[in-house]
Amino acid sequence: MSPVLVILLLSASLLSTGDSGKVLVFPVDGSHWLNMKILLEALHSRGHEITVFRSSTSWYISEFSPLYTSITIAQEQPQNIESQEVMTSFLQRSMEIRQNKGTLWAFFQFYRNLFNLFGGAGKKGAVKMVTSIFENETLIRQLNETGYDLFLTDPAFPGGVLLAHYLKLPLVLNVRWIPGGEGHFSLAPSPLSYIPAVFSHFSDKMPFVQRIHNIIFHGMLVYMQYFVSGPKYRVICDKYFRDDVNTLSLIQAADLWLMRVDFTFEFPRPTMPNVIYIGGFQGKPSKPLSSDLEEFVQSSGEHGVIVMTLGTLLSDLGPEVSETFASVFASLPQKVLWRHIGKQPAALGNNTMLVKWLPQNDILGHPKTKVFITHGGTNGIYEAIYHGVPVLGIPLIFDQYDNIIRLKARGVAEIVDVTKMTVDSLKSALKSILDPEKPYKQNMVKLSQLHHDKPMKPLDSAVFWIEYVMRHRGAPHLRSEFYKLPWYAYYCLDVMAFCLAIMLLIILLILVSCRACFNSLIRNRKSKLE
């Protein structure tokens with residue numbers, strides 16, 4: 001082996017392990033874990049030692065992994081809401097409510113369904129998990145003695161935020177959602193005049209009536225934060241922390257927010273120095289397809305392929321909806337690759353292949369892929385942007401409709417409401433996107449170019465800033481202290497009240513002076529007349 005090669009190998013070894021640290025991770029199970037795992041793979045490749053909390057009922061998080069050492073907490077209930085049974089029930093109820101969309105009754109039923117989900121069994125499981133950790137004195141002592149450098153968590157369920165505060169560790173959030181909705185609203189100034197609230201289905205251009213509705217939608221999420229999500233965690237805060245500590249203030253006090261957002265997708269808005277945008281960090285070049293998939297794709301000829309998947313949990317919408325999709329697909333010249341769970345539709349055409357799983361990123365990166373039909377999950381949307389594939393959105397629940405609205409505003413997507421979908425409406429939307437005379441593909445290619453044109457890849461940026469917090473034992477110089485202000489001080493209501501009082505006092509003094517002058521003039525006139 002040459003001396004130069006030896007030096008290079010030693011240098012690489014030093015780069016990968018010299019700054020390695022110990023990272024304690026409290027993830028959210030389900031689809032959120034898929035995002036967290038990408039970060040852990042990157043940190044592991046840099047030589048960091050990773051320890052992950054998991055529930056004994058965990059669905060996605062393995063007990064044994066080459067990436068991390070796990071700490072398993074015995075539980076009877078799942079840590080979060082994502083189970084097939086819970087999500088199927090929630091979806092069915094959501095679709096029933098959407099049949100009456102636009103009515104006041106549907107509005108309240110929508111939020112009642114949402115509040116029941118986030119205040120239900122999954123929430124109780126998350127609370128019990130963090131409580132059992134706090135009550136395990138041996139485990140807490142071991143955690144303190146290990147000397148972790150950083151705590152990484154997803155605050156959608158804020159048990160990890162509470163534990164990080166208890167252990168007094170620098171806190172980094174892998175975040176888009178918190179218990180009260182989208183994370184920005186709790187951290188940065190968020191004018192509701194042009195920033196659409198979650199579930200509003202608005203763009204950043206809102207006329208007067210939409211702005212009224214936007215305030216109402218935001219108010220419902222504020223209510224969820226304080227009266228649905230907050231109370232159960234409030235019990236933990238009261239028992240283990242000071243009176244002024246609550247989950248929202250601890251989330252706001254995090255050293256760093258790794259926000260899963262990219263402004264090629266998100267509407268422009270105010271932000272903060274400790275928010276690092278890593279939207280699309282899961283994007284990667286496509287790999288070759290398996291021989292059977294490649295043969296199917298190549299058989300499409302000049303017409304290309306349509307890819308459809310509605311995610312892991314929501315892939316089966318029932319036989320009636322499936323027959324509508326199958327009938328439309330059968331009438332198209334394109335080949336269709338459809339991730340489908342359930343009974344095979346009777347109207348299925350020869351041009352459609354049903355699969356129970358597909359390599360989504362790899363097929364989106366194939367040059368013959370023309371359209372991506374998706375429910376609007378964040379991972380799929382960013383993969384479509386990464387590879388420049390226009391989207392037909394079939395939004396179902398949560399933020400999916402808002403996600404597709406953002407793509408539609410960029411001119412790269414169309415939306416079909418599954419509760420009102422017909423063969424004609426679905427076919428019309430698909431043909432519109434496939435029409436080469438219309439700019440969907442060109443717009444998406446441009447969006448993809450903007451997404452790629454960065455000085456640093458999103459994942460590399462995430463790793464850099466995580467290590468930055470580790471090196472400096474936090475990043476308080478990037479964090480605003482606004483969350484310590486009382487609400488009336490934050491909005492300067494006390495200052496406005498003081499200024500108003502001064503103005504009233506000046507007006508009062510002027511009135512009193514004028515009245516005194518007027519009375520003096522009257523007395524002088526009377527004395528002259530006498």
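Select T419 to begin, in the loop that joins β15 (413-415) to α16 (423-434). The coordinates belong to a predicted model. T419 counts as buried because its relative accessibility is 12%, against a cut-off of under 20%. Display side chains here: that of T419 makes a polar contact with the side chain of D417, at 2.8 Å. Then show what surrounds T419 beyond its neighbours within four places in sequence; the residues in contact are M95, R98 and Q99.

**The whole chain**

Zoom out to the full protein. Its C-alpha atoms fill a box of roughly 115 × 65 × 50 Å along the principal axes. A cartoon representation shows 20 helices and 15 strands. Of the 530 residues, 51% are buried. Among contacts with a separation of 6 or more, 65% link residues 24 or more positions apart.

**Helix α14**

Select residues 378-387, which form α14. How many of the ten residues of this helix are buried? Nine of them are, so α14 is largely enclosed by the rest of the structure. The buried residues are T378, G380, I381, Y382, E383, A384, I385, Y386 and H387.

To see what encloses them, add the following elements to the selection:

- the helices α13 (360-364), α15 (400-409) and α17 (440-452), against which the buried residues of α14 pack;
- the strands β13 (369-374) and β14 (391-393), which also pack against those buried residues.

Move next to G388, just after α14, where phi is positive at about 70°.

**Two positive phi angles outside glycine**

Most residues other than glycine have a negative phi. Two exceptions merit a stop.

Select F199, in the loop between α8 and α9. Phi of F199 is near 75°, a positive value in a non-glycine residue. Is F199 buried or exposed? F199 is buried, because its relative accessible area is 11% and the cut-off is under 20%.

Continue to C492, in the loop between α19 and α20 (493-529). Phi of C492 is also positive, near 60°, and this residue too is not glycine. With a relative accessible area of 38%, C492 is partly exposed.

**The second largest pocket**

Switch on a surface and centre the view on F185, Y226, L248, Q252 and Y491, the residues that lie nearest the centre of the second largest pocket. In total, 30 residues line this pocket. Which elements give two or more residues to the lining? They are α8 (184-187), α9 (208-240), α10 (247-252) and α19 (487-490). Colour α9 separately, as this helix gives the most, with five residues.

The volume of the second largest pocket is about 850 Å³. Colouring the lining by residue class gives 20 nonpolar, eight polar and two charged residues.

**Residues 488-518**

For the last stop, select residues 488-518, which an unreviewed UniProt entry annotates as "transmembrane region". This stretch of chain is 94% helix and 0% strand. A distance drawn between its end C-alpha atoms spans 41 Å.

Technical notes. Residues are numbered from 1 along each chain as its sequence is written. This is a predicted model: local features need pLDDT of at least 70, side-chain atom pairs count only at pLDDT 80 or more; totals for chains, interfaces and linings use all residues. Side-chain values use heavy atoms; hydrogens and water are left out. On a 1 Å grid over the protein atoms alone, a cavity is a set of points where a 1.4 Å probe fits but cannot get out, and a pocket is an open set with protein on both sides within 12 Å along at least five of seven lines; lining residues have an atom within 4 Å of a point. Grid points are joined across faces, edges and corners, and a volume is the space filled by probe spheres set on the points. Helices (H or I, at least four residues) and strands (E, at least two) are DSSP runs, numbered from the N terminus. Ala, Val, Leu, Ile, Met, Phe, Trp, Tyr, Cys and Pro count as nonpolar, Asp, Glu, Lys and Arg as charged, and the others, Gly among them, as polar. Buried means under 20% relative accessible area, exposed over 50%, partly exposed in between (1.4 Å probe, protein chains only). A polar contact is a pair of N or O atoms within 3.5 Å; within protein, one must be able to donate a hydrogen and the other to accept it, and residues adjacent in sequence count only if both atoms are side-chain atoms. Contact means heavy atoms within 4.5 Å. UniProt positions are given in the numbering used here, feature names are shortened, and annotations may be inferred rather than shown by experiment.
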